[in-house]
Amino acid sequence: MSKVCSLQSSILLSKNKLCNNEEKGRKLVKFATPFKSLNCSLSMNHTSSTSTTKSSNGKFGKFGGKYVPELLVTCLNDLEDEFYKALNDAEFQEELGTALRDYVGRETPLYHAQRLSEHYKDKDGRGPEIYLKREDLNHGGAHKINNALAQAMLAKRMRRMSIVTATGAGQHGVATAAVCAKLGLSCTIIMGRLDIKRQPSNVRLMKLLGAQVKSVDGNYKDASSEAVREWVANLETSYHLPGSVIGPHPCPTMVREFQSVIGKEVRKQAMEKWGGKPDVLVACVGGGSNAMGLFHEFIEDEGVRLVGVEGAGYGLESGWHSATLSKGEVGVYHGAMSYLLQDDDGQIVGPYSIGVGLECPGVGPELSYLKDNGRAEFHAVEDEEALHAYKRLCRFEGIFPALESSHAIAVLEKLCPTLPHGTKVVVNCSGRGDKDAATVQQLDQLLLFNAMVEKKNPSNSSKQLSLCTDCSDIPSEEHISFGTESTKVLH
C-alpha cells in the first residue's frame with residue numbers, strides 16, 4: 001500500500017471525541033492515527049430540520065458528513081453522482097425491481113403472529129396485534145440482500161468489478177457473495193476471526209458462492225476497518241459495499257434508500273390488511289440498516305411510534321454491550337459523525353452482543369439524529385432476554401428469528417403491556433435464525449449448568465459460568481456432569 005493510501009486509510013478510520021473551540025466558533029476534531037495525532041479543524045455548519053431527515057449533503061442535523069481526506073472526496077462525489085443518476089434511470093430501476101422480485105423474492109409477507117399476539121393479551125383478551133415483516137424469507141435469509149443487490153448493480157454500472165466488504169454475523173457477507181456470483185463480480189469479504197468461529201455456517205456459504213473470505217484479528221469492528229483499507233488501496237478498480245447506514249456520505253443515504261423497500265411494502269400491506277398505518281414499528285439496531293429500512297417511510301407520520309432495540313449484552317452497566325445510542329457519545333468514525341462507543345481518550349470500545357450483527361461500535365447518522373430530535377425511541381435488551389425471545393417465537397409461531405432480530409421480539413415483553421387494545425405493532429424480523437441454532441442450544445446448556453451450580457452451592461458463585469462470545473468450552477454432550485451426578489439436558 002502506498003504512503004498516500006496508508007495516510008488516507010488512517011484518517012478515514014480515525015476515532016475521536018469532540019471538544020469545543022469557542023474562540024473560533026468551530027469544533028476541533030482530534031484524530032488518532034497509527035502514525036501520529038493529527039488535529040483537523042472541520043466546519044460543522046449545517047441546516048437542521050425538525051420535520052424531516054432528508055438531506056442532500058449527507059447531514060442529518062449535526063450528524064453525518066464526509067470526514068475524509070481530500071483525495072477521497074472525489075471518489076465519494078463520483079459515487080454520489082452515479083447513485084442519483086441510477087435512482088432516476090428507468091432502465092436501472094426496472095432491472096432492480098425485476099431482480100428484487102424474481103431473485104430476492106420480494107415482496108416479503110406482513111405476517112399476523114396470532115399466537116404471539118394472544119400471549120400478550122390480558123385475561124379479558126385485550127392487547128395489541130403483532131405483525132412480523134418477514135425479511136427472513138428473502139434469498140440469503142436476511143434483509144441485507146436488498147442493499148447488496150442494488151449496490152452491486154451500481155458497482156457494475158461504474159465498471160468496478162471487484163467488490164470488497166466486511167461482515168459480522170455473515171448475513172451481509174452471504175448476500176454480497178450471492179449477488180456478486182449473479183452479476184459476475186469478484187468478491188472479497190473481510191471477517192473477524194472471532195466472528196468466523198461464531199458463524200461457521202455463513203462462512204461456508206460465502207465460500208461456496210465464490211467469495212474470498214479473509215480473516216483479521218478481532219470482530220466486525222476490526223474487519224470493517226480492514227475492508228476500508230483494502231478499498232482505499234485500490235480505488236480505481238474496487239468498490240467498497242457497506243452493509244449498514246454508516247460511513248461518509250453518500251453511503252448511509254444509499255443503504256437507507258435501498259433498504260427503504262421494507263417500509264414502503266409495510267405501508268401498502270397495512271392498508272390492505274386493516275386499512276390504515278401501523279401504530280408502532282419495532283426493529284433491532286446495530287449499525288441501523290434494517291431499522292432505517294423500516295422507519296424511513298414513516299418518519300413524517302407522527303402518529304407512528306418508532307422503537308429501536310439495541311443489544312444490552314450482560315447489562316448496560318457491565319461494559320459488555322452494543323448499546324451505542326443508549327450509552328454512546330458523539331464522535332467521528334469511518335468518515336461520519338454519529339453516536340459511538342468510545343473511552344475517555346476517544347478510542348473506540350469494542351461492542352459486545354450475543355447477536356453478532358449488533359456488534360457495531362457506531363450507529364448511522366440518521367438514527368443518531370432521530371434520537372436527538374425525539375422522533376424515535378431506543379431501548380436495550382440483554383442477552384438472556386433475546387435468547388428467551390428466540391425460543392418464544394419458535395414455539396408460538398414456528399419461526400426461528402436471528403438472534404439480532406430476537407432483540408426486537410424481546411422488547412415486546414415490556415412494550416405490549418403498555419399498549420391499548422388493538423394497537424397494530426409491526427416488528428421487523430430482519431433475519432433467519434438457523435445460523436444461531438447451535439449457539440442457542442449451547443447457551444441453553446450453559447444456563448442449565450449455571451442453575452445446577454447455584455443449586456449445589458449457592459454461596460460459591462465464582463464456580464458459575466457466564467455467557468460468553470466464545471462458546472467452545474460450553475459442555476455440548478447429551479449429559480452434563482456435575483460432581484458424581486449426571487443430569488439429562490432437556491429442550
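Reader: At what angle do helix α10 and helix α11 pack, and how far apart are their axes?

Author: Two packed helices are described by the angle between their axes and the distance between the axes. Here α10 (residues 251–259) and α11 (residues 261–274) pack at about 30°, with axes 5 Å apart. Axes are lines fitted to C-alpha atoms, for helices over the stretch in contact, and angles run from 0 to 180 degrees between N-to-C directions. Helices (H or I, at least four residues) and strands (E, at least two) are DSSP runs, numbered from the N terminus. The two helices are therefore roughly parallel (angles under 35 degrees). This is a predicted model, in which local features need pLDDT of at least 70 and side-chain atom pairs count only at pLDDT 80 or more. Residues are numbered from 1 along each chain as its sequence is written, and side-chain values use heavy atoms, without hydrogens and water.

Reader: Which residues make the contact?

Author: E257, F258 and Q259 of α10 meet V261, I262 and K264 of α11, contact meaning heavy atoms within 4.5 Å.

Reader: How should the sheet be read, and in what order do its strands stand?

Author: Strands of a sheet pair through backbone hydrogen bonds, either parallel or antiparallel. In this open sheet, six strands follow the order β6-β7-β17-β12-β13-β16, with mixed pairing; two strands pair if DSSP finds at least two bridges between them. β6 (110–112) and β16 (376–382) are the edges, each with a single partner strand, so one side of each lacks a neighbour in the sheet. The twist averages 30° from one strand to the next.

Reader: How many bridges join β6 to β7?

Author: Three bridges link β6 to β7 (residues 129–134), and the two run antiparallel. H112 has Y131 of β7 as its bridge partner. α11 lies across β6, β7 and β17 (424–429), at about 140° to β7.

Note on methods
Angles under 35 degrees count as roughly parallel, over 145 as roughly antiparallel, 65 to 115 as roughly perpendicular and the rest as oblique.
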